[in-house]
Amino acid sequence: MAQCVQSVQEFIQDSFVPLVAALCSEEAERLTRKNSLSFAELVKPFCRLTSEVHMRDPNNQLHIIKNLKIAVNNIITHPPQPGAIRKLLNDVVSVSQPAEGLVANVITAGDYDLNISDRSVKASVPWYSNWKETLMELNTSTFYSATTPWFESYRECFLQSMPASDHEFLNHYVACMLVVSSSEPEPVEQFLKLSQEQHRIQHSSEYLYPKWFIPNTLKYYVLLHDVSTGEEQRADSIYEEMKQRYGTQGCYLLKINSRVSNRGTDEQIPDPWSQYLQKNTIQNQDCYEDCPYTVISSKNTDHLISDGLDSEIKDGLSNNFKTHPLQLDHPSGSLDSTDYMKATASLQDSKKSSSGTPHGACLTLTDHDRIRQFIQEFTFRGLLPHIEKTIRQLNDQLISRKGLSRSLFSATKKWFSGSKVPEKSINELKNTSGLLYPPEAPELQIRKMADLCFLVQHYELAYSCYHTAKKDFLNDQAMLYAAGALEMAAVSAFLQPGAPRPYPAHYMETAIQTYRDICKNMVLAERCVLLSAEILKSQSKYSEAAALLIRLTSEDSDLRSALLLEQAAHCFINMKSPMVRKFAFHMILAGHRFSKAGQKKHALRCYCQAMQVYKGKGWSLAEDHINFTIGRQSFTLRQLDNAVSAFRHILINDSKQPPAQQGAFLREYLYVYKNVTQLSPDGPLPQLPLPYINSSATRVFFGHDRRPAEGEKQAATHVSLDQEYDSESSQQWKELEEQVVSVINKGIIPSNFQPTQFCLNRYSDNSRFPLAVIEEPITVEVSFRNPLKVPLLLTDLSLLWKFQPKDFNAKHDGETKELGTCDNDMIGTEAIAEFLINSEETKVARLKLFPHQTGELHILGVVYNLGTVQGAVTLDGIDPSIGLQTGKFVSNGLSVRGRQDLEIQGPRLNNTKEEKTSIKYGPDRRLDPIITDEMPLLEVFFINFPTGLLCGEIRKAYVEFVNVSKCPLTALKVVSKHPEFFTFGGNTSVLTPLSPSASENCSAYKTVVTDPTSVRTALLSSASSVDFGVGTGGQPEVIHVPLPDAVLLPGASVQLPMWLRGPDEEGVHEINFLFYYESIKRHSKMCHRVLRHTAVICTSRSLHIRATVCRSNALEDEEGRGDNMLVFVDVENINTEDLFQTHECF
């Protein structure tokens, strides 16, 4: 059990105290009501004696009573109704809540030290993200310790509200105070009337309640005097008359109200009544009806599933387990809210208002001392002498009736020294619980004497009497009386000073079994369990205490079962070897019963405490159940943020639930989340848990999409998101760009040079801010993954960004604006209307932004509406989305709008010693582009560009350069590592024609066409070999592109012939072209732009020619000289597929 504020001895002593009735005149009640108190409430804080009290037992031995407490109650002539008791207990538990915890309002008071592997774990809840950091924090703790004030309040209220019974006298009144005001005309006659009224209540058959200890009840006469308005001399004279009539020990003059209530508040008087008073007490029966306490469930939604916790409740105590507490149901149900919650709120409000009412406004500290002195005088001079006298009388009666010598006390050893008669088993006894003894029966006199001794802490004599009465009752098979004697005998044995005998736990077990099974009295059985469990706990017998508490859980009272299960869970964690899993399991059961009893806050607390054990252990189904219940209870309590967090926790874990259950979880989450957003519609968009986003896989592309090929007109390959990243190729492009920049800058690469990167991903260098051009799109590819087995439908999906306008040529910057899609004047945002992600699918979405101003752009994340597709559940591996087209998805009408941030972690730094010895990450700025001023944009098209050539073959193609921007471009150059592959013309030739239709005569090459049967066209060059590059495989060569006037105006296009020469080696060749160009206007951020093209050429072998020259001896020229030469040409076709026809060329 949980640790209590009181010790077990203090708890038992305060549970059984002498009861004193109070009967007041109307005028006396009027005087006390000036302080907003009744007379019984007025004396309540002063009913515990601060000094020891002495009395003598029947053997004339001095007995010391310590810390004695009495209870003064108003007389109520009808017993408390069961419905009123149930409501009172529910209210007491409901208003007693744990202190505010570390996380929201759902964590219990204090820290729970869970001894797992000799270590400690703090209590945590699902949305407590740093729960692992709390492990191993309290190493010095040896056992678990926590308080449960709601259980102590319930226990105290339960024991105080128990109705008096005929088989015991502990709740019977020992004395009665008759209270009259001194301001009444005839106070003595009023005392006489009150005395007659008390006598009529006790002895008339008209009244069966309350119960009185003995026929000759002590009457104590109290004269109440109002100091502020009354005449003190008259009060003294009346008191003198009372002393002569009733004796000095039978009356008292109590002076109160020494202060006027409307006096200034400069003097602060303590209020000792606030901690004792309850607005709803069992003493005020007017506000209760004789009906069972009812919890009415109001269903307000129809699209959510039930968790099996809120089955039909006929009343606050009777319920049946329809399902196992850890079972998750599949049928459709709803979140429920109960009228009991409203009743609890009203009770809390009333308690706040009552606590705000000042008590004792007319009392001074002197009056407090007078009331305290009055209680002491009453106890010393009236109550205890009366009890001592009664015990002696009962002892004498028993001796005379039993024929015993001396006293019962001295003969105790004789009674128990002989052989013991074996007691019958409880199962062998007849059901005679309805047996009644007459009031004068010796057995009842023994029990009466035992109870009196117990009330004045004479536990040894009480034990002897209980033991004797127990034997008599068992012999008569009066099981109700026997069980009561067994119960109090066990308690008396435990409370005896010096512990002369061990605690007879079997007495309590027999009493509990008798009350429950034979007498069918669960109230008395519960009292036995509460007492015995506290005793066992004090002896560190936590296992026995837990078994006892669990044994009394039943279906007749959910509240009682919940409290006992919770205390049993605390017992398991208090053991020498803590049983943590049993603790968690019984906390789950307690939370389930709390929920059935309408105690939603306590149910939520129990589930949160159990979560600390189940979390992170791989018990996903148990975690799902707990989190689902936490979400439901939090929603019922209007703790919507906590409800969202709990449901979010279910969705973000790898769930093993079936698709139908996952769909139900998702619908619950969406419904709760929708309620949260309705409370603050203008608030910031919160984070959504689904779908998962792989932030590191995010790719960013700058520029327009690549144009498709049109017939023989092929666009430059450039870069696109469809291409896979190749680090080797990326390095080659970087080297080409560095080469051309070096040539432009006379062999020096500028310090601020930044290689152009069109597509950024996890492998690229993202340490610098990328550059984007105004009015050119920025495409962000986001990778989504659906972890659930049900499809997700995202609608109105777009990017969320923050933008700071900035003119890089001016000194003043603009104001930073964080927007999503609302300000298209600065950044145009493209939205995807519908984006369906099937079950357990990974899918990418490409979202675009169109910057319209220069500045700094920060892409924060994505914003979308999360919903589900109606009836879309994958069955037998068949995808329900097959055949559905965009715009055809049918939503179930439940969707919420939220966001997810794109948080990309940069690469780990590993350069310096400090970075190597620690974990540090560099920046990743792929989502933070700088929008620069307008730049020219070049598009290149290749016309009649071949895909295959012969080795050494020269062929003509055309290149078209188009400026698609609004500013002119210049300094167009191309660089390649294979300059021998192409040229735009020869150095010795005239200007190359600008289009394919121009004259062939101006070409650097001449084409000779053979007869029609020829298979190939032979190309003859009239240009020098220097027209093509050297092709040594060394540094790339930068080639100037001959543009007219060296400028390409906006919207203009130019076609140039390009002569291609097949590589000398056969095979497939990838030849990279990097086109470099600049803007006429210089920019501070971007100096140039590049365009990439990769040509794939397949070359094959052609002819092998070997020429031999020798002098001719036979032939002479006309002049008779013999220096003629003979040339022998050997031509070999080494191509295995094509046929060549040779021609004589001169």
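1. The open sheet. In this predicted model, five strands make up an open sheet with parallel pairing, and reading across it gives the order S4-S1-S5-S6-S7. Strand S4 (71–74) and strand S7 (251–256) are its edges, since each of these pairs on one side only. From one strand to the next, the twist averages 30°.

2. The S1–S5 pairing. Strand S1 (residues 19–24) and strand S5 (residues 173–181) run parallel and are joined by six bridges. One position to look up in the viewer is Ala22, whose bridge partner in S5 is Met177.

3. Helices on the sheet. Helix H2 (residues 26–33) packs on the sheet and touches S1, S4, S5 and strand S6 (218–226), with its direction making about 85° with that of S5. Helix H6 (residues 187–203) lies across S1, S5 and S6, and runs at about 150° to S5.

4. Cysteines. How many disulfides does the model contain? With a cut-off of 2.5 Å between cysteine sulfur atoms, the count comes to zero. Cys453 is in no disulfide, because the nearest cysteine sulfur, that of Cys465, is 5.3 Å away, whereas a disulfide would need the pair to be within 2.5 Å. Is Cys453 buried or exposed? Its relative accessible area is 0%, so Cys453 is buried, given that the term applies under 20%. Cys251, with a relative accessible area of 1%, is likewise buried.

5. The surroundings of Leu938. Leu938 is found in strand S26 (residues 938–943), and at 3% relative accessibility this residue counts as buried. Which residues does Leu938 touch, once those up to four places away in sequence are set aside? The contacts are with Phe961, Val962, Leu969, Leu972, Leu1048, Phe1075, Tyr1077 and Leu1091. For one of these, Phe961, the separation from Leu938 is 23 residues in sequence and 6.9 Å in space, taken from C-alpha to C-alpha.

6. Confidence. Before anything is read from particular segments, the confidence values should be kept in view: the protein averages a pLDDT of 77, and 74% of the residues score at least 70. Over residues 279–355, pLDDT stays under 50, although the model has 182 contacts beyond four places in sequence for this stretch. Over residues 404–431, pLDDT again stays under 50, and here the model has 40 contacts beyond four places in sequence.

Methods
Residues numbered from 1 in each chain as written. Predicted model: local features only at pLDDT ≥ 70, side-chain atom pairs only at ≥ 80, totals over all residues. Heavy atoms only, no water. Buried < 20%, exposed > 50% of the residue type's maximum accessible area, 1.4 Å probe, protein only. Helix = DSSP H or I, 4+ residues; strand = E, 2+ residues; numbered from the N terminus. Contact = heavy atoms within 4.5 Å. pLDDT = per-residue confidence, 0-100. Pairing = 2+ DSSP bridges. Axes fitted to C-alpha atoms, helices over the stretch in contact; angles between N-to-C directions.
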